[in-house]
Amino acid sequence: MIEQLIAEATECDFKVALETKKPKSWLKSVSAFSNGIGGTLFFGVSDDREPIGLSDVQKDAEAISRLIKERITPLPQFILKPLQEDGKNLLALEVSPGRSTPYYYKADGVMEAYIRVGNESVIAPDYIVNELILKGTNQSFDTLTTDAVKKDYSFTLLEATYLERTGLRFEPSDYVSFGLTDKNGLLTNAGKLMTDQHTVYNSRMFCTRWNGLEKGSIFDDALDDKEYEGNLIYLLNSGSEFIRNNSKVRFVKKAQYRVDKPDYAERAVTEALVNALIHRDYIVLGSEIHIDMFDDRVEITSPGGMFGGGSIQEYDIYSIRSMRRNPVIADLFHRMKYMERRGSGLRKIVSETEKLPGYTEAYKPEFSSTATDFRVILKNVNYNMCGASVHDAAHDTAHDAAHDTSVISKQNLLLEFCADPKSRDEMQAYIDVSSRSHFSKYYLKPLLSSGKLEMMFPDKPKSKNQKYTTVHSK
């Protein structure tokens with residue numbers, strides 16, 4: 001039962017006993033859960049998820065309620081549930097994601113807001129506190145009015161692009177109705193991001209084409225690097241051009257025609273850049289979007305994690321709910337037909353990449369996020385063709401055979417190792433494979449597909465608490 005509850009929890013922490021003399025040890029998790037996507041604290045359970053039990057559940061429940069009311073402000077929504085496991089009494093404290101963020105721990109002469117980073121609750125940086133304040137007052141950075149007057153700036157690129165993509169002229173009244181200015185002619189932050197002038201310092205994009213598969217020195221290992229700043233449409237066009245200029249379009253000859261084989265799907269690149277521009281956090285001082293191109297991939301990284309908390313790795317991109325950090329910018333890009341229906345951007349990146357000639361599952365785009373950034377990785381579908389020739393065929397065959405033998409050997413080691421359930425990280429460490437995509441392609445997916453390995457929580461394949469176990473033949 002306890003394993004099932006843990007699997008269903010969005011986030012979770014474990015406490016062997018209720019600490020009343022130093023309640024901050026667990027109250028900081030209450031603050032973090034409220035400031036994020038919610039979570040559950042299990043009392044009477046050890047870090048390795050073994051039920052230890054509580055001696056007086058009723059007394060502990062009363063103390064938990066009292067301490068939350070006294071030391072967390074504003075008061076978060078929570079539910080306390082008594083549980084029993086192996087005859088031992090436990091408590092589950094379910095904390096809901098809050099609407100009146102930020103939720104502070106306020107005691108001992110301090111007032112601190114916490115967020116989740118991995119499996120820990122840490123003090124929120126100032127820029128995240130500022131974003132939580134906006135969220136708690138139903139505001140966003142791009143809707144805030146500035147002291148910049150519209151008539152002091154030009155919008156040539158915005159108006160020309162709007163006409164080109166919609167066939168409509170950008171009327172003076174549109175600036176107010178689209179949320180770019182207020183009724184007094186003062187620009188919002190969204191308006192400042194669309195001026196021809198560079199008026200928002202963080203509106204920048206750094207692009208680098210690295211030589212090889214890893215980052216190195218900008219001076220020695222970069223084949224091309226550019227820095228762009230200013231209007232968001234200019235950044236989108238510049239980023240797209242940089243990737244296009246550093247990519248190739250190969251072709252395969254057929255009897256009557258040829259098939260073009262671009263490294264990347266142009267629409268997938270556009271969607272990834274639009275996603276970075278409209279969902280990034282512009283509050284982070286000195287931040288910018290990064291495009292890092294390697295021989296085998298493009299990585300597009302933008303400041304700010306998932307809006308609302310959590311990480312993209314925990315979600316199914318085909319059912320994820322759209323949450324917009326910058327709704328005015330998102331609406332404007334939607335009007336200009338840079339995006340389809342809201343919330344479909346990540347799915348579009350995958351579906352457009354799947355259309356490329358030569359695509360296989362190994363080239364599926366990857367998405368990852370932390371509390372501070374969001375990353376999209378597009379794979380170069382032509383990478384394995386680079387450098388290959390007829391003269392290399394014998395060498396490649398021998399190499400592939402050796403590789404296959406090594407993979408099978410390590411797969412067998414994993415099956416022995418997973419006689420008891422193991423996490424993905426434990427499995428990768430055991431066979432010394434650091435790349436998550438490589439491990440997934442050659443080990444995890446083949447073993448799951450063959451039925452030799454199974455998930456402990458198949459209904460929640462993306463759960464961070466997921467473990468895998470060997471299927472024993474009957």
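Modeller: A helix here is a DSSP run of H or I of at least four residues, numbered from the N terminus. In this predicted model, Arg-335 is found in one such run, helix H10, which covers residues 327-335.

Colleague: Why is Arg-335 called partly exposed?

Modeller: Its relative accessible area is 34%, and the partly exposed class lies between the buried limit, under 20%, and the exposed limit, over 50%, so Arg-335 belongs in that class.

Colleague: Which residues does Arg-335 touch, leaving out those up to four places away in sequence, and how far is its C-alpha atom from that of Arg-165?

Modeller: Arg-335 touches Tyr-162, Thr-166 and Phe-178, where a contact requires heavy atoms within 4.5 Å. The C-alpha atoms of Arg-335 and Arg-165 are separated by 8.9 Å, although these positions lie 170 residues apart along the chain.

Colleague: What makes Ser-203 a buried residue?

Modeller: Ser-203 has a relative accessible area of 1%, and since buried means under 20%, the word applies to this residue. Its place is in the loop between helix H7 (189-193) and strand S11 (204-210).

Colleague: How do you know that the side chain of Ser-203 makes a polar contact with Gly-230?

Modeller: A polar atom of that side chain lies 2.6 Å from the backbone oxygen of Gly-230, and the cut-off for such a pair of N or O atoms is 3.5 Å, so the distance satisfies the limit. Beyond its neighbours within four places in sequence, Ser-203 is also in contact with several other residues, including Leu-193, His-198, Tyr-228, Arg-280 and Tyr-282.

Colleague: Is Ser-240 buried or exposed, and which backbone oxygen lies 2.9 Å from its side chain?

Modeller: Ser-240, found in helix H8 (residues 232-245), has a relative accessible area of 12%, and because the buried limit is under 20%, this residue is buried. The backbone oxygen is that of Leu-236, 2.9 Å from a polar atom of the Ser-240 side chain, and this pair is therefore within the 3.5 Å used for polar contacts. Leaving aside neighbours within four places in sequence, Ser-240 is in contact with Thr-270 and Leu-273.

Colleague: Why are S3 and S6 said to pair?

Modeller: Two strands pair if DSSP finds at least two bridges between them, and S3 and S6, which run antiparallel, are joined by two bridges, so the requirement is met. One partnership between them sets Ile-72 against Tyr-105 in S6.

Colleague: How many bridges hold S6 and S7 together, and what takes a positive phi in their hairpin?

Modeller: Strand S6 (residues 104-107) and strand S7 (residues 110-117) pair in the antiparallel sense over four bridges. Among the partners in S7 are Met-111, opposite Lys-106, and Val-110, opposite Ala-107. The hairpin has two residues between the strands, and Asp-108 takes a positive phi near 55 degrees there.

Colleague: What makes S3 and S8 the edge strands?

Modeller: The open sheet has four strands in the order S3-S6-S7-S8, with antiparallel pairing. Strand S3 (72-73) and strand S8 (120-123) are its edges, in that each pairs on one side only.

Colleague: Which residues have the most contacts inside the largest nonpolar core?

Modeller: That core has 73 residues, and the ones with the most contacts inside it are Leu-158, Leu-180, Leu-232, Ile-291, Ile-300 and Phe-333. Its largest share, eight residues, comes from helix H9 (residues 266-279). Another core, of 23 residues, lies apart from it, with Ala-61, Val-95, Tyr-105 and Tyr-114 among its members. Phe-333, for its part, touches Leu-232, Leu-236, Val-274, Ile-278, Tyr-338 and Met-339, not counting residues up to four places away in sequence.

Colleague: Where does helix H14 bend, and which of its residues are buried?

Modeller: H14, residues 436-449, bends by about 30 degrees at Tyr-442, and Pro-446 follows within four residues. Phe-439, Ser-440, Tyr-443, Leu-444 and Leu-447 are buried in H14. Just after this helix, Gly-451 takes a positive phi of about 80 degrees.

Notes
Residues are numbered from 1 along each chain as its sequence is written. This is a predicted model: local features need pLDDT of at least 70, side-chain atom pairs count only at pLDDT 80 or more; totals for chains, interfaces and linings use all residues. Side-chain values use heavy atoms; hydrogens and water are left out. The bend at a residue is the angle between axes fitted to the seven residues ending there and the seven starting there. Buried means under 20% relative accessible area, exposed over 50%, partly exposed in between (1.4 Å probe, protein chains only). A polar contact is a pair of N or O atoms within 3.5 Å; within protein, one must be able to donate a hydrogen and the other to accept it, and residues adjacent in sequence count only if both atoms are side-chain atoms. A nonpolar core is a set of buried Ala, Val, Leu, Ile, Met, Phe, Trp, Tyr and Cys residues joined through side-chain atoms within 4.5 Å.
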